[in-house]
Amino acid sequence: MPRALWLLIIGMAVNVTGSSFLWPLNTIYIHDHLGKSLTVAGVVLMLNAGATVIGNLFGGTLFDKIGGYKSILLGIWISLLALIGLTFWHGWPAYIIFLTIIGFGSGIVFPAMFAMAGSVWKEGGRKAFNAIYVAQNLGVAIGASLGGFVADYSFQLIFLANTIMYVIFFIIAVFGYRNIAAVPVKQAKTKDQSVVKSRINLQALLILCSGYALCWVAYVQWTTTISSYTQEINISLTQYSFLWTINGALIVLGQPILNKVLKHLSESLKVQILIGIGFFIISFLIVGKVTVFTGFLVAMIILTIGEMFIWPAVPTIAFELAPKGREGFYQGIVNSTATGGRMVGPLLGGVLVDLYSMSALFFILIGLFFIAIVTTLTYDRILKSEKKLSNINLPVS
């Protein structure tokens with residue numbers, strides 16, 4: 001891998017390590033420490049995720065205009081200032097304000113990081129996005145494992161640890177990303193045929209990402225309604241955080257095995273995503289029935305296998321579909337739809353549990369997965385149809 005990609009990997013790991021001190025525990029903090037309902041917790045997380053969606057789209061567009069280095073620094077500064085505020089003022093309603101600002105700042109960073117990764121190692125294909133994905137989950141493993149222990153002692157230190165990690169990330173970005181050759185590419189005036197191709201590619205990506213968002217609606221329940229549910233059935237914070245440690249560790253350590261499996265799927269990212277959704281369904285069927293820690297552990301392991309198939313595949317498809325000079329925008333779409341799922345998920349889950357039950361929630365989530373299967377099966381039909389009509393060699397999975 002190129003040296004520039006290693007710098008991006010290190011920065012991503014540090015960034016996510018810091019945020020992983022807090023994000024798995026947000027609902028627990030809002031519900032148990034601030035005394036708010038799960039529905040209110042869902043609204044707070046929805047505001048955070050909504051700000052992240054805006055940040056994703058803004059950050060992706062900014063990457064295409066001013067490059068990755070300046071975009072990332074801007075996002076870090078915004079998040080860092082809010083984190084400093086959250087360290088000192090984390091009561092109600094200051095928590096909502098700072099968490100929303102953090103969402104916007106971090107939203108700017110992620111599409112730029114993914115677009116830079118694809119740009120500095122184009123010949124690597126999905127390997128570049130796999131590497132960033134592994135870095136994210138290394139951060140999850142470290143941050144979540146430490147976060148549970150720290151939270152048991154003091155939530156105050158959780159906010160401080162997050163801030164310190166972002167300072168380190170800022171230093172890495174300032175000295176490491178300045179000379180990375182991922183600069184905006186001005187688009188030449190295109191012919192009508194190229195404009196049509198670009199529009200069709202965008203439509204295909206939006207169809208794919210609609211199912212991607214639904215997968216995130218379900219996945220985020222693990223950090224919201226399911227996290228609160230584990231507290232009700234006497235699973236400790238340390239045990240709950242350990243689930244995320246297992247999640248991150250499996251993703252990092254399981255990459256050699258996964259890479260061998262993916263070699264057989266090298267021509268079909270679509271099949272890769274469908275396999276992942278299948279694992280998601282099995283995981284939620286299990287977690288809907290168990291009440292002991294070992295059951296949640298098994299469900300988490302299966303969930304992790306599923307996300308290892310899905311999460312890196314979608315940005316890879318987006319990078320293949322993106323016209324030259326629009327890589328940042330397309331990655332912004334991927335990140336914003338994922339964040340959209342994380343925005344809707346907490347509120348939907350909180351309302352369903354408050355009004356009905358956890359069982360009703362799991363029933364709805366399984367239905368969402370089947371919708372995601374349909375969108376994954378159909379997203380590239382428009383590409384294939386256009387290819388037959390125009391004989392343009394479009395990237396399809």
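**Exercise 1.** How many of the 29 residues of H15 are buried?

*Solution.* In this predicted model, helix H15 covers residues 327-355. Of its 29 residues, 21 are buried, so that the helix is mostly covered. For its length, a rise of 1.5 Å a residue gives an expected span of 42 Å, and because the end C-alpha atoms are 42 Å apart, the two values agree.

**Exercise 2.** Determine how helices H12 and H16 are oriented towards each other, and which kinds of residue make their contact.

*Solution.* Begin with the geometry: H12 (residues 269-287) and H16 (residues 358-378) pack at an angle of about 175°, and their axes are 10 Å apart. Since angles over 145 degrees count as roughly antiparallel, H12 and H16 are therefore roughly antiparallel. Next, list the participants, among them Ile-273, Ile-277 and Phe-284 of H12, together with Phe-362, Phe-369 and Ile-373 of H16. Sorted by kind, the residues of this contact comprise 16 nonpolar, one polar and one charged.

**Exercise 3.** Which residues have the most contacts inside the largest nonpolar core, and which helix gives the core its largest share?

*Solution.* The core has 127 residues, and those with the most contacts inside it are Leu-5, Leu-8, Ile-72, Tyr-177, Trp-222 and Phe-284. Its largest share, 15 residues, comes from helix H5 (residues 94-120). To follow one of these residues further, leave aside positions up to four places away in sequence: Tyr-177 then touches residues including Leu-8, Ile-72, Met-113 and Met-116.

**Exercise 4.** Is Leu-206 buried or partly exposed?

*Solution.* Leu-206 lies in helix H8 (residues 192-219). With a relative accessible area of 44%, Leu-206 is partly exposed, because that class lies between the 20% and 50% cut-offs.

Note on methods. Residues numbered from 1 in each chain as written. Predicted model: local features only at pLDDT ≥ 70, side-chain atom pairs only at ≥ 80, totals over all residues. Heavy atoms only, no water. Helix = DSSP H or I, 4+ residues; strand = E, 2+ residues; numbered from the N terminus. Expected span 1.5 Å × (residues − 1). Buried < 20%, exposed > 50% of the residue type's maximum accessible area, 1.4 Å probe, protein only. Core = buried A, V, L, I, M, F, W, Y, C linked by side-chain atoms within 4.5 Å. Contact = heavy atoms within 4.5 Å. Axes fitted to C-alpha atoms, helices over the stretch in contact; angles between N-to-C directions. Parallel < 35°, antiparallel > 145°, perpendicular 65-115°, else oblique. Nonpolar A, V, L, I, M, F, W, Y, C, P; charged D, E, K, R; others polar.
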